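Got your viewer open and your selection tool ready? Load the model shown here and follow along, one selection at a time.

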Amino acid sequence: MQGSGSSSSTFASQPTNLLSEPCVICGLVGAGALLFIVVLWNGASNACPQCHKWWARQVQASHEIGRALSSRTQTSEAKTYSTSGQHVSTTRYKQRVPTERITYLNACQCKHCGHKWSDTSAVEHDL
Ligand SMILES: [Zn+2]
């Protein structure tokens, strides 16, 4: 095997200051990727099953179809102070918080082709 492409020397001594602020750039890229995923997820979850256009879902009506008790884990902090008012220690502990999950049946309509369908959504709140 000879002459297969030009040899690029990427292993040569690279200057480490190519990206002057690598943390800022990594943060921006990370935030951008996260936003991208959220937008994709949001668009896809609001797509019409008929014409498949994103952000087409319009909720015409919704009504409650069920409630269920649930719970979530919450981390709390307890700070200990000495008699003179100085902070001594912080203890973190986890506790279960009771929640209620309400499920809704939604009547949806596509704002592009007018197709109608139904789906369910749920909201959860602390009791
Ligand atoms: Zn549609």
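What follows is a short walk through the chain, from the overall fold to single residues.

**The whole chain**

Before clicking anything, keep in mind that this is a predicted model. Colour the protein chain by secondary structure and you should find one helix and three strands. Reading along the sequence, the pattern goes α-β-β-β. Now colour by burial: of the 127 residues in the protein chain, just 3% count as buried. If you like contact maps, take the contacts between residues at least 6 apart in sequence; 52% of those join residues at least 24 apart.

**The sheet**

Select the three strands together. They make an open sheet in the order β1-β2-β3, with antiparallel pairing. Which strands sit at the edges? Pick β1 (57-81) and β3 (116-126), since each of these pairs on one side only. Ignoring direction, neighbouring strands in this sheet are turned by 10° against each other on average. As a reminder, strands of a sheet pair through backbone hydrogen bonds, either parallel or antiparallel.

**β1 against β2**

Hide β3 for a moment. How many bridges hold β1 and β2 in their antiparallel pairing? The count is 23 bridges. For one spot along this pairing, select Q58 and look across to Q109 in β2, which stands opposite. Then follow the strands to their turn: β1 and β2 form a hairpin with five residues between them, and G85 in that turn has a positive phi of about 90°.

**V59, a good place to stop**

Next, select V59, which lies in strand β1. Leaving out residues up to four places away in sequence, V59 touches N106 and C108. Is V59 exposed, partly exposed or buried? V59 counts as partly exposed because it has 14 C-beta neighbours inside 10 Å, and a buried residue would need 20 or more. Try the distance tool here too: from V59 to K111 is 10.0 Å, C-alpha to C-alpha, although the two are 52 residues apart in sequence.

**β2 against β3**

Bring β3 back and hide β1. Strand β2 (residues 87-110) pairs with β3 in the antiparallel sense over 11 bridges. Two partner pairs are handy to label. C108, already met as a contact of V59, has W117 in β3 as its bridge partner. T103 has A122 as its bridge partner in β3. At the turn, select G114: the hairpin of β2 and β3 has five residues between the strands, and G114 takes a positive phi near 80° there.

**Two odd residues in a loop**

Last stop: the loop between α1 (22-45) and β1, where you can select H52. Why bother with phi here? Most residues other than glycine have a negative phi. H52 goes the other way, with a positive phi of about 65° even though it is not a glycine. H52 is exposed, since 12 other C-beta atoms lie within 10 Å.

Now move to W55, found in the loop between α1 and β1 as well. W55 is not a glycine either, yet its phi is positive at about 55°. Is W55 buried, exposed or partly exposed? W55 counts as partly exposed, because it has 15 C-beta neighbours inside 10 Å.

Key. Residues numbered from 1 in each chain as written. Predicted model: local features only at pLDDT ≥ 70, side-chain atom pairs only at ≥ 80, totals over all residues. Pairing = 2+ DSSP bridges. Helix = DSSP H or I, 4+ residues; strand = E, 2+ residues; numbered from the N terminus. Axes fitted to C-alpha atoms, helices over the stretch in contact; angles between N-to-C directions. Contact = placed C-beta atoms within 7 Å.
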